[in-house]
Amino acid sequence: MRPEDQRWLAATARLAMRARPMCAPNPGVTALIVKDGRVIARGWTQPGGRPHAEAIALAAAGEQARGATMFVTLEPCAHKSSRGPACADLVSASRLARVVVGCADPDPRTAGFGMERIRAAGIAAELVDSPESRASLEGYLMQRRFGRPHVTLKLATSLDGCIALASGESQWITGPEARAHTHAMRARADAILVGGGTYRADAPRLDVRLPGLEDRSPERWVLTHGEVAEGWNALPAPQAITGMAHIQNLFIEGGAGAASAFLQAGLIDRILLYRAPIVIGGGRPSIGDIGLSHLADAHNRWQLSSRRQLGQDTLDIYEANPCSPA
C-alpha cells in the first residue's frame, strides 16, 4: 500500500463514528474524494442505511469528481435495491480516475463484483488491506463471517479488581472523565447488555448522557431467562447472540456474572478496563469463575492495544488474540 493511500484510508475510517450506530442494519461505510491532495467531498452511510457513503460523496463532489480519487472503507455494493442504485454503478459512471478500497465485502452479492464493475468502466480500482478500515467495520464483518455481533466488555475496577464494596456500593469507583468515556462507547454500540443481578439491583438506565448524543442510546438487553420490563430485551444465554442478526456491536456493561459467562463462552472480542487508583479490599470481584483449570491456559489470550489516562483513572484496551483458544 502506498503511504499516502494508507494515510487517506485511515482518515476515511475515522469518519465511521458519524455513521454508527444509526446506519444499522447496514455497515457504517465512509468515503473521501481527494483531488490534488485536497478533500473535496466526504460521505458516510446515513441513518437507516441509505443513502450510502459513495452516493453522498459523489453528490457532494459533483463535476469535481472527474479525475479524482475516491477512498472508501468497504467495497462498493454491486446489488441494486428498491431503496437506491448499486454504488458500484454510481462509481462507474462518476468519471473518477481511481478508487482505493480498504476492505473487501464478504456479502456474496458484492464480493469481488463491485471491484470488477468499476474496473470494467475504465477506472483504476485497488483493493488493499487497511487495518483502520477493518476496525471501522468490525461489527458488520463479525456478523457476516460468524453470524454474531462484535462484543466489547467494559470493566470499571479498583486497583485490586473490585467493582463494588462488599455491601454492593459502587457509585462511583471511577471518575467523571472515565464515566464520560463510557457514555461515548455506549453511543457507538447498537445494544448494551447487563447481567440479571445488575438489572434487578440497580435498574440501570444504560442511556447516553452526553450533550448532542442522547439520541444514540443503544437497545437495552439483560442476560436472564426471566421476564423483563418494557423497553428491555432478554437474552437467555451468551450463545444466543447468534440470534442478534440486527446488532453489529454489543457492549457489555455491569455484573461479574455476565462478564464471566461471556468470557467462558469465548464471546468477548475486546475488553475496556477502566482502573481507578483506589484499593477496596474484600470487595466484589469484577469477574466470576470462567472455568479455568490451568494457569497456562490464561496466557496469550489478550493483547494490549492501547492505554490512556482519563483524569485519575487509566483505560487499558485489550483485543482478543485470534490465534488463542477460547
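Here are a few worked exercises on the fold of this predicted model.

Some ground rules before we start: residues are numbered from 1 along each chain as its sequence is written. Local features need pLDDT of at least 70, side-chain atom pairs count only at pLDDT 80 or more, and totals for chains, interfaces and linings use all residues, while side-chain values use heavy atoms, with hydrogens and water left out.

**Exercise 1. The whole chain**

Task: Work out how many helices and strands the protein chain has, and how its radius of gyration stands against the globule rule.

Solution:
- Start with the inventory: the protein chain holds 9 helices and 15 strands. Helices (H or I, at least four residues) and strands (E, at least two) are DSSP runs, numbered from the N terminus.
- Next, the radius of gyration is 22 Å, close to the 20 Å from the globule rule for 326 residues, so the chain is as compact as a globular protein of that length. The radius is taken over C-alpha atoms, and the rule is 2.2 Å times the number of residues to the power 0.38.
- Then look at burial: 50% of the 326 residues are buried (under 20% relative accessible area, with a 1.4 Å probe and protein chains only).
- Finally, take contacts (heavy atoms within 4.5 Å) between residues at least 6 apart in sequence: 71% of them join residues at least 24 apart.

**Exercise 2. The five-stranded sheet**

Task: Put the strands of the open sheet of 5 in order and find which ones stand at the edges.

Solution:
- The order reads E2-E1-E3-E4-E5, with mixed pairing. Two strands count as paired if DSSP finds at least two bridges between them.
- Strand E2 (38–44) and strand E5 (124–127) each have a single partner strand, so one side of each lacks a neighbour in the sheet.
- On average, neighbouring strands here are turned by 15° against each other, direction ignored.
- Zoom in on one pair: strand E4 (residues 98–101) and E5 run parallel and are joined by 4 bridges. Val100 has Glu126 in E5 as its bridge partner.
- Now add the helices. Helix H1 (residues 3–13) lies across E1, E2, E3, E4 and E5, at about 135° to E1. Helix H2 (residues 53–61) lies across E1, E2 and E3, at about 140° to E2. These angles run from 0 to 180 degrees between N-to-C directions, with axes fitted to C-alpha atoms, for helices over the stretch in contact.

**Exercise 3. The eight-stranded sheet**

Task: Do the ordering again for the open sheet of 8 strands, then say which helix packs on it.

Solution:
- The order is E10-E9-E8-E11-E6-E12-E15-E14, and the pairing is mixed.
- Strand E10 (232–235) and strand E14 (302–310) are the edge strands, each pairing on one side only.
- From one strand to the next, the twist averages 25°.
- Strand E8 (residues 191–195) pairs with strand E9 (residues 219–223) in the parallel sense over 5 bridges, and Gly195 has Leu223 as its bridge partner in E9.
- The packing helix is H6 (residues 138–146), which touches E6, E11 and E12 and makes about 125° with E6.

**Exercise 4. Ser286**

Task: Where does Ser286 sit, is Ser286 buried or exposed, and what is Ser286 in contact with?

Solution:
- Ser286 is in the loop between strand E13 (284–285) and E14.
- Its relative accessible area is 12%, so Ser286 is buried.
- Setting aside neighbours within four places in sequence, Ser286 is in contact with Leu155, Thr157, Gly161, Ile163, Ala256 and Ala259.
- Follow up Ala256 and Ala259: both are among the buried residues of helix H9 (residues 256–264).
- H9 is followed by Gly266, with a positive phi near 70°.
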